[in-house]
Amino acid sequence: MAAIDRRFAMQATRTKIAALAVGIALVTGAAQAQSMGPSNGASSLEQLHVALHLSAPQEGAWQLYRSAADIPDKAQMRRRAASGLFRTLDAPHRMDLVEAEMRAELADLQRQSQALKAFYGALSPEQQRIFDARTLPPSGDAQQNQAPY
């Protein structure tokens, strides 16, 4: 019976880690998608800002969106700290850490989503087309084999 419980716990841990990996991919994918386009020394967000030709009233929504785009960097630092702690914990505490990390990733994703939707809603249809084109992940074999979400 203990062997079955241990296998179940291991499977649950693997499932949560896989879900965490998907969450991480979603959060970092948004940042990576923004790094598309030619580089002339300006950051990808700066290039996007220039390409959109924002009006003065749109700048407030841009600033909120830009601050939300910094979340992947903060999440990366949080993940590194959790990773260093992971091997020092017993199994129940590792599970707690994975759950906490997943909740934090979801909260980050929700903040990014809200900021993106608010900013996107402030754009004209032409600006939306530019934004969509500039933030679309690259197409390729590695990308095509991943889930579309």
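**Note on an all-helical predicted model**

1. The charged end of Arg-94 sits over the ring of Phe-86, with 5.8 Å separating that charged end from the ring centre. This contact, like everything below, is read from a predicted model.

2. The secondary structure consists of 7 helices and 0 strands, so that the order of elements from the N terminus is α-α-α-α-α-α-α. Of the 149 residues in the protein, 25% are buried, and the accessible surface comes to about 9,800 Å², with 61% of that area belonging to carbon and sulfur atoms. Among contacts with a separation of 6 or more, 70% are between residues 24 or more positions apart.

3. Helix 5, which covers residues 91-121, contains 31 residues and reaches 45 Å from its first C-alpha to its last, close to the 45 Å expected at 1.5 Å a residue. Its buried residues are not confined to nonpolar types, since Glu-101, Glu-105, Asp-108 and Gln-112 are listed as buried along with residues including Met-95, Leu-97, Val-98 and Phe-119.

4. The largest nonpolar core has 11 residues in all, namely Leu-45, Leu-48, Leu-52, Leu-54, Ala-61, Trp-62, Tyr-65, Ala-69, Phe-119, Leu-123 and Phe-131. Two or more residues of this core come from each of helix 2 (44-52) and helix 3 (59-69), and helix 3 gives the most, with 4 residues. In soluble globular proteins, nonpolar side chains tend to be buried together.

5. Phe-119 deserves a separate look: leaving aside its neighbours within four places in sequence, Phe-119 is in contact with Leu-52, Leu-54, Gln-58, Ala-61, Trp-62, Tyr-65 and Phe-131. Several of these partners, including Leu-52, Trp-62 and Phe-131, are also members of the largest nonpolar core.

6. The structure holds 6 aromatic pairs. One of them joins Phe-119 and Phe-131 edge-to-face, at 5.9 Å centre to centre and with 65° between the planes; this pair links distant parts of the chain, with Phe-119 in helix 5 and Phe-131 in helix 6 (residues 125-135), 12 residues apart. Both Phe-119 and Phe-131 are buried.

7. Tyr-120 and Phe-131 form an aromatic pair that is likewise edge-to-face, at 5.9 Å centre to centre and with 75° between the planes. Because Tyr-120 lies in helix 5 and Phe-131 in helix 6, the pair ties together parts that are 11 residues apart in sequence. The two partners differ in exposure, as Tyr-120 is partly exposed with a relative accessible area of 24%, whereas Phe-131 is buried with a relative accessible area of 3%.

8. Finally, Trp-62, Tyr-65, Phe-119, Tyr-120 and Phe-131 form one aromatic cluster.

Methods
Residues numbered from 1 in each chain as written. Predicted model: local features only at pLDDT ≥ 70, side-chain atom pairs only at ≥ 80, totals over all residues. Heavy atoms only, no water. Core = buried A, V, L, I, M, F, W, Y, C linked by side-chain atoms within 4.5 Å. Buried < 20%, exposed > 50% of the residue type's maximum accessible area, 1.4 Å probe, protein only. Contact = heavy atoms within 4.5 Å. Expected span 1.5 Å × (residues − 1). Areas by Shrake-Rupley, 256 points an atom, 1.4 Å probe, with all protein chains shown as cover. Phe/Tyr/Trp six-rings, centres within 6.5 Å; stacked < 30°, edge-to-face > 60°. Lys NZ or Arg CZ within 6 Å of the ring centre and 35° of its normal.
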